[in-house]
Amino acid sequence: MLGATPRMSPGISDSTGSLSSADINKLRKKISNLQRRFPQLVLQIVIRSLPQDHPFSLYAFWLFNAGAFAGEGRRGKNNHAILLLIDPTRKESALMPGYGLELLLRQEALGHLLDLAGPVWDAGMWAEGIE
């Protein structure tokens, strides 16, 4: 139903051109610093325009699982990946933690983070909202 997994660059994949090269470099440095502190963490940011006929939450769940961002050998409680999916066209976003992080990152906290980023993203400041 959702098709093949899209091609994505590790770490940050922006098929919409919402981020400048400088934004991507700045975010990559922040991700690298975070991963040095938490080496088991795999953070994937995906910015893309999704088909309107697909429910956003379904697409986020499918992409997280199909993308296997933590690697095929790190599933279940060993999955310490986080997916941040943003669709600037639909003005929707999702934060999905791997099962190994669910106890630490509650849905309420993730929703709060997305709520904080919302006004910044509404202003088209994608990198700032991601930070």
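Buried here means under 20% relative accessible area. The legends below describe a predicted model.

**View 1. Strand 3, covered on both faces.** Strand 3 is mostly covered, with seven of its seven residues buried. On one side these are A81, L83, L85 and D87. I82, L84 and I86 are the buried residues on the other side.

**View 2. The sheet and its order.** The sheet is open and consists of four strands in the order 1-2-3-4, with mixed pairing. Strand 1 (12-14) and strand 4 (92-97) are at the edges; each has a single partner strand, so one side of each lacks a neighbour in the sheet. From one strand to the next, the twist averages 10°.

**View 3. The parallel pairs.** Strand 1 and strand 2 (residues 42-47) run parallel and are joined by three bridges. Within this pair, I12 lies opposite I45 of strand 2. Strand 2 also runs parallel to strand 3, to which six bridges join it. Here V46 has L85 of strand 3 as its bridge partner.

**View 4. Helices packed on the sheet.** Helix 1 (residues 21-37) packs on the sheet and touches strand 1 and strand 2. The direction of helix 1 makes about 155° with that of strand 2. Helix 2 (residues 56-67) also packs on the sheet, where it touches strand 2, strand 3 (81-87) and strand 4. Its direction makes about 140° with that of strand 3.

**View 5. The hairpin of strand 3 and strand 4.** These two strands pair in the antiparallel sense over six bridges. L84 stands opposite L95 in strand 4. Four residues lie between the strands of the hairpin, in which K91 takes a positive phi near 60°.

**View 6. The largest nonpolar core.** This core has 20 residues, and those with the most contacts inside it are L19, I45, L84, I86, W121 and I130. Two or more residues each come from helix 1, strand 2, strand 3, helix 3 (107-122) and helix 4 (126-130). Helix 3 gives the largest share, four residues. Leaving aside residues up to four places away in sequence, W121 touches L84, I86, S93, L114, W126, G129 and I130.

**View 7. A separate core.** Apart from the largest core lies another, of 16 residues. Its members include F69, A81, L83 and L85. A81, L83 and L85 are on one side of strand 3, whereas L84 and I86, on the other side, are among the residues with the most contacts in the largest core.

Key: Residues are numbered from 1 along each chain as its sequence is written. This is a predicted model: local features need pLDDT of at least 70, side-chain atom pairs count only at pLDDT 80 or more; totals for chains, interfaces and linings use all residues. Side-chain values use heavy atoms; hydrogens and water are left out. Two strands pair if DSSP finds at least two bridges between them. Axes are lines fitted to C-alpha atoms, for helices over the stretch in contact, and angles run from 0 to 180 degrees between N-to-C directions. Contact means heavy atoms within 4.5 Å. Buried means under 20% relative accessible area, exposed over 50%, partly exposed in between (1.4 Å probe, protein chains only). A nonpolar core is a set of buried Ala, Val, Leu, Ile, Met, Phe, Trp, Tyr and Cys residues joined through side-chain atoms within 4.5 Å.
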